[in-house]
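Visitor: I should like to take a close look at a single part of this structure, the nonpolar core. Please describe that part carefully, and then the elements that surround it.

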Amino acid sequence: VVYQKRLPNNLEAIAAALAPHRDEAVGVVIESTYNWYWLVDGLMDAGYRVHLAHPAAIKKYEGRKHSGDFADAAYLAQLLRLGLLAEGYVYPREQRGARDLARKRMQLVRYRTAQVLSIEGILMRQTGSCMKGEAVKRLTAEQVDEFGFARDVALALEANRAVSQALGQQIEVLEKRLKERVGLRPEYRLLKTVPGIGETLATTIMLETGSIGRFARVGNFSSYCRCVDSVRESNGKKKGEGNTRNGNKYLAWAFVEAANFALRYCPQARRFYDRKKNRTNRIVAIKA
């Protein structure tokens with residue numbers, strides 16, 4: 001180690017600290033965290049060869065008595081020197097905005113679903129009957145008043161309804177922008193021919209996948225989508241499970257959504273699902 005120092009999250013300060021070592025630096029390793037965009041882009045613009053370290057794929061030596069930022073940085077540098085650094089994918093910056101917008105849409109959809117489920121729960125408790133989700137989304141303030149619930153119950157129901165409607169409006173705005181901003185690339189147009197995958201899911205899958213060429217085999221992509229088992233074996237015996245959540249949670253969500261839609265509109269998918277569910281369980285059948 002020839003230099004080590006804790007620096008603030010300031011691109012100019014970091015570039016100035018690296019400048020004296022620029023000629024001898026063969027690369028800069030940055031751990032993939034939630035806030036890497038600014039640093040990776042800035043250093044790449046400055047001419048550095050940047051490597052995005054994949055934390056989940058890097059096993060640190062557990063026998064050390066002390067571990068900290070300095071030790072971890074030195075370890076990452078050593079992995080790079082030895083050619084053993086597990087790297088993540090640096091998504092092209094010009095496409096990140098659209099991808100993150102699609103992720104924001106998914107977040108809002110989950111929030112709206114929570115509001116819809118809350119309304120369904122209130123109606124079930126108060127009336128003993130269930131209202132379908134699509135009908136819940138179309139509820140108006142006048143309809144809430146017509147239920148004749150106690151004031152506190154009506155206020156809780158109206159709060160969920162108002163938030164759900166506001167989220168629905170924002171979801172429509174984001175979907176409109178995505179349609180304007182993103183068109184399916186030729187290699188991804190076949191996605192829409194898959195039962196259960198429409199324009200929105202196809203766009204999400206395309207944006208989250210990026211270049212399909214970065215996956216060496218079909219199995220690598222399936223694993224990235226969290227659609228394969230994670231098992232640890234030794235001498236032919238199961239010794240536990242690995243990190244089943246290692247992969248892209250957004251692709252996992254998109255394909256599960258597609259499967260649920262396919263069950264409604266594709267008889268072949270429904271028959272496959274029923275056969276699989278009878279042998280295993282619902283979750284495994286949906287994943288399959």
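Guide: In this predicted model, Leu191 is in contact with Ile197, Ala202, Ile205 and Met206, leaving aside its neighbours within four places in sequence. Leu191 is also one of the residues that touch the most other members of the largest nonpolar core, which has 23 residues. The others named for this role are Val182, Ile197, Leu201, Ile205, Met206 and Leu207. Three elements give two or more residues to this core: helix H4 (93-127), helix H8 (199-209) and helix H10 (249-265). Apart from this core lies another, of 11 residues, including Val136, Val153, Ala154 and Leu157. A general tendency gives a context for such groups: in soluble globular proteins, nonpolar side chains tend to be buried together.

Two of the helices that contribute to the largest core, H4 and H8, also pack against each other. Their axes come within 9 Å and cross at roughly 130°. An angle of that value makes H4 oblique to H8, because it does not exceed the 145 degrees above which a pair counts as roughly antiparallel, and it also lies outside the range of 65 to 115 for roughly perpendicular. The crossing of H4 with H8 is left-handed. On the side of H4, the contact is made by Ala98, Arg99, Ala102, Arg103, Arg105 and Met106. On the side of H8, it is made by Thr200, Thr204, Leu207 and Glu208. Sorted by class, the residues of the contact of H4 with H8 are four nonpolar, two polar and four charged. Leu207 therefore appears in two descriptions: it is one of the residues that touch the most other members of the largest core, and it belongs to the H8 side of the contact with H4.

Helix H4 has a further partner in helix H7 (residues 151-181). The two pack at an angle of about 155°, with their axes 9 Å apart. That angle makes H4 roughly antiparallel to H7, since angles over 145 degrees are counted in this way. The crossing of H4 and H7 is again described as left-handed. In the contact of H4 with H7 there are 18 nonpolar, seven polar and eight charged residues.

A third partner of H4 is helix H2 (residues 37-45). Here the angle is about 165° and the axes are 12 Å apart. Accordingly, H2 is roughly antiparallel to H4. The crossing of H2 and H4 is left-handed. From H2, the residues Tyr37, Asp41, Met44 and Asp45 take part in the contact. From H4, the participants are Arg93, Arg96, Arg99 and Asp100. This contact has two nonpolar, no polar and six charged residues. Arg99 of H4 takes part in the contact with H2 and also in the contact with H8.

One residue of the contact between H2 and H4 deserves separate attention, namely Arg96. Arg96 is found in helix H4. Arg96 counts as buried because its relative accessible area is 5%, and the limit for buried is under 20%. Not counting residues up to four places away in sequence, Arg96 touches Trp36, Tyr37, Asp41, Val90 and Tyr91. Tyr37 and Asp41 are among the residues by which H2 makes its contact with H4.

From Arg96 one may pass to Leu52, as Trp36 and Val90 are touched by Arg96 and also by Leu52. Leu52 lies in strand S2 (residues 50-53). At 3% relative accessibility, Leu52 counts as buried. Its contacts, not counting residues up to four places away in sequence, include Ile30, Glu31, Ser32, Val40, Ala86, Glu87, Gly88 and Tyr89. The C-alpha atoms of Leu52 and Val28 are separated by 8.5 Å, and these residues are 24 residues apart along the chain.

For contrast, consider Gly219, which lies in helix H9 (residues 218-224). Gly219 is partly exposed, with a relative accessible area of 43%. Between the C-alpha atoms of Gly219 and Glu24 there is a separation of 39 Å, and the two are 195 residues apart along the chain. Asn281, found in the loop between helix H11 (267-279) and helix H12 (282-287), is likewise partly exposed, with a relative accessible area of 37%.

Key: Residues are numbered from 1 along each chain as its sequence is written. This is a predicted model: local features need pLDDT of at least 70, side-chain atom pairs count only at pLDDT 80 or more; totals for chains, interfaces and linings use all residues. Side-chain values use heavy atoms; hydrogens and water are left out. A nonpolar core is a set of buried Ala, Val, Leu, Ile, Met, Phe, Trp, Tyr and Cys residues joined through side-chain atoms within 4.5 Å. Buried means under 20% relative accessible area, exposed over 50%, partly exposed in between (1.4 Å probe, protein chains only). Helices (H or I, at least four residues) and strands (E, at least two) are DSSP runs, numbered from the N terminus. Contact means heavy atoms within 4.5 Å. Axes are lines fitted to C-alpha atoms, for helices over the stretch in contact, and angles run from 0 to 180 degrees between N-to-C directions. Angles under 35 degrees count as roughly parallel, over 145 as roughly antiparallel, 65 to 115 as roughly perpendicular and the rest as oblique. A crossing is left-handed if the near helix is turned anticlockwise from the far one by less than a right angle, and right-handed if clockwise. Ala, Val, Leu, Ile, Met, Phe, Trp, Tyr, Cys and Pro count as nonpolar, Asp, Glu, Lys and Arg as charged, and the others, Gly among them, as polar.
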